[in-house]
Protein chains: 2
Amino acid sequence: MSITIKDVARLSNVSVSTVSRVLNNNPSVSDEVRRRVSAVIKEHNFVPHEGRANLAKPKTNAIGLLMRGAGNAFFTGMVMSFEREAAARGYSLAVKQIGEREDEMICAPAFVKEKNLKGIILLGGKFDFSKAETERINAPFVCCTFTNSFGEIRESRYSSICADDIGIGFKAVNHLIDNGHRRIAALLRNTRDKSISELRYKGYEKALRERSIPIDDKLVMNCGDYSMKNAYETTLKLIDSGEKFTAVFTGSDIMAIGAIKALFDRGIAVPDDCSVIGVDGLESSLYCIPTLTTMVQPAEKMAVGAVDILDRLIKGECSYRHITAEVRLREGGSVKNIL
Amino acid sequence: MSITIKDVARLSNVSVSTVSRVLNNNPSVSDEVRRRVSAVIKEHNFVPHEGRANLAKPKTNAIGLLMRGAGNAFFTGMVMSFEREAAARGYSLAVKQIGEREDEMICAPAFVKEKNLKGIILLGGKFDFSKAETERINAPFVCCTFTNSFGEIRESRYSSICADDIGIGFKAVNHLIDNGHRRIAALLRNTRDKSISELRYKGYEKALRERSIPIDDKLVMNCGDYSMKNAYETTLKLIDSGEKFTAVFTGSDIMAIGAIKALFDRGIAVPDDCSVIGVDGLESSLYCIPTLTTMVQPAEKMAVGAVDILDRLIKGECSYRHITAEVRLREGGSVKNIL
């Protein structure tokens, strides 16, 4: 068993805060005390597990926002809402963006330690984390825009605010079916990635199944991410495959914009020749041509809700909380009734 | 003259670091010492000018990025480049977004103090700051995407990396003139705002003047910001004014997308009935319909360059530096030759 800072303090006959000051080379410690503490540290091979720098850090009032998926327009559009709500509750907000392929269960503990955070919001993330992983974070945390749909961790061990992602796919695809579409392509990040993409695909499957429409795997396209570029190229591939379809359900507005461009470049007019529906309700979905029909997620409400939950966790007012945000259909001009 | 922390230390017969610990309510200070120091502080009305919290903060290796104009897609797209380059040089990056109307010369000093930053990059900002204002920052700083074009501060007193914004407007409008356009509208944030918007307008004026085309103020539209929404509404106003024009020069790609939508909604096809040229080279400008012709700014190079300059300033390798980044025209499908 390894030695703790308390053991070092006891063995050196000083206080824990004095050990902390020695670790931080604080000049206020006398040479005699420094030598004594250093000797104990060396003798017992003490490693300050919480990080040397951390021990003497003043208490901050910072909370963290770990944003996954760098260029995600839905997330970057939420940052100001997080900042405003954090400030309104007396917190400063430290923001960190991580790449699509990085693991927030590795990054979050390091971020909490580095910035001495009181708590952290994970904006976007994977769905299969374990109890051990979440414990490494070592601070209250809230999953925002996702929940632990695929992991085995108990509901009482984490908090979340997210949309009903299966419902998003289900409602979007039902809207297309209601407008007479049967050959509906799905354009997603990945249908088996244990993320919102897989959930939205489940909604797509459910909608088709309930309306007794066969699922054609040749119409289900994995783009690998949420970028316009990959959505564009994947849609070109789908068109060039020769498969017939009259509508496309896309995993995000950004992907929908890429898909519309690909259809346009192949001479397929939206919505006259093909309908497209997105998810998110980004500002840019109002200004694309045609205006996008999309499932609007309440970005502002989710940001405010996440900060509210984190604030309650920090203050000990609750030990966990889960909120599902309402999503609504906003009709634009990208879906045509072909009945 | 006000009393300094050194005076407090001398009068209390303790070290400066002990005064600092008293100010930070550090429990390691004995009650007797605390009373003595507190008495001196009260007697002499000592105000810790550098901020109580700061005095005892450990040295960090953080640099700051103060981003102006919250939803600016050009800026948010640069954040990962700043992070990568900062990390490659051993810095952590603290990011703060401020609103369009906030003053970075007020926010930057507070941010430097709050996060104990080694230096700061101002991403976007006003152009008329004074020597006194910059001195308040109290750390090396680099202006990124702008320079002090309107202020009286000497070049040796600050650093910058930016595009040639007059040149951007000049080249963009020349491209329209080369394609036969004479009635060219300008859609800008503000033509007299002492920011890049005014510089780009100067480029517009210069291009028209050199080609002996009269400037028609009725074609010059101030949108107030760079949003799609205001660009859309301002373009509708311009169309509805009845003024004739065959092309629009917009201050950003986002504004161009708003303008194209407004033209589309009034039945004016781009580029057949009206040409549009943007500035930035955002990814989304490749996927709008038609693909936008735009002046591409080297976002990645500007981010890397800003971190490089700041790193040199911090290390004392230079005292100031100014770089002008190259901008290039990328032809899309939004400009028609009407000759």
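Before you click anything, one definition: the expected span of a helix is 1.5 Å times one less than its number of residues. Keep it handy for the opening stop, and remember throughout that this is a predicted model.

**Stop 1: helix α13 in chain A**

Select residues 299-315 of chain A, which make up helix α13. Put a distance label between the end C-alpha atoms and you should read 24 Å. The helix has 17 residues, so at 1.5 Å a residue the expected span is 24 Å too, and the two values agree.

Now colour by burial. The buried residues of α13(A) are A:M302, A:A303, A:G305, A:A306, A:V307, A:D308, A:I309, A:L310, A:D311 and A:L313. What do they pack against? Show β1 (62-68), β3 (119-123), β4 (141-144), β5 (159-163) and β11 (322-325) of chain A, plus helix α6 (79-88), and you have their partners. Step just past the end of α13(A) and you land on A:G316, where phi is positive at about 75°.

**Stop 2: the sheet in chain B**

Hop over to chain B and switch to cartoon. There's an open sheet of 6 strands here, paired in parallel and ordered β2-β1-β3-β4-β5-β11. Its edges are β2 (92-98) and β11 (322-325), each of which pairs on one side only. Going from one strand to the next, the twist averages 15°.

Zoom in on β3 (residues 119-123) and β4 (residues 141-144) of chain B: this parallel pair is joined over 4 bridges. Pick B:I121 and look across to β4(B), where B:V142 stands opposite.

Then bring in helix α13 (residues 299-315) of chain B. This helix lies across β1, β3, β4, β5 and β11 of chain B, and its direction is at about 170° to that of β5(B).

**Stop 3: B:E104**

Next, select B:E104, which sits in helix α7 (residues 104-115) of chain B. Buried or exposed? Its relative accessibility is 1%, and because the cut-off for buried is under 20%, B:E104 counts as buried. Leaving aside residues up to four places away in sequence, B:E104 touches B:L66, B:R68, B:I98, B:P109, B:L122, B:G125, B:K126 and B:F146.

**Stop 4: both chains together**

Finally, zoom out. Superpose chain B on chain A: a rotation of 180° with 0.1 Å of shift along its axis does the job, at an RMSD of 0.5 Å. The two copies are therefore related as by a two-fold rotation axis. Select the contact residues to see that the same surface serves both copies: 94% of those in chain B recur in chain A.

Notes: Residues are numbered from 1 along each chain as its sequence is written. Chains are lettered from A and ligands numbered from 1 in the order in which they are written. This is a predicted model: local features need pLDDT of at least 70, side-chain atom pairs count only at pLDDT 80 or more; totals for chains, interfaces and linings use all residues. Side-chain values use heavy atoms; hydrogens and water are left out. Copies are superposed by least squares on the C-alpha atoms of residues with pLDDT of at least 70 in both. Contact means heavy atoms within 4.5 Å. Two strands pair if DSSP finds at least two bridges between them. Helices (H or I, at least four residues) and strands (E, at least two) are DSSP runs, numbered from the N terminus. Axes are lines fitted to C-alpha atoms, for helices over the stretch in contact, and angles run from 0 to 180 degrees between N-to-C directions. Buried means under 20% relative accessible area, exposed over 50%, partly exposed in between (1.4 Å probe, protein chains only).
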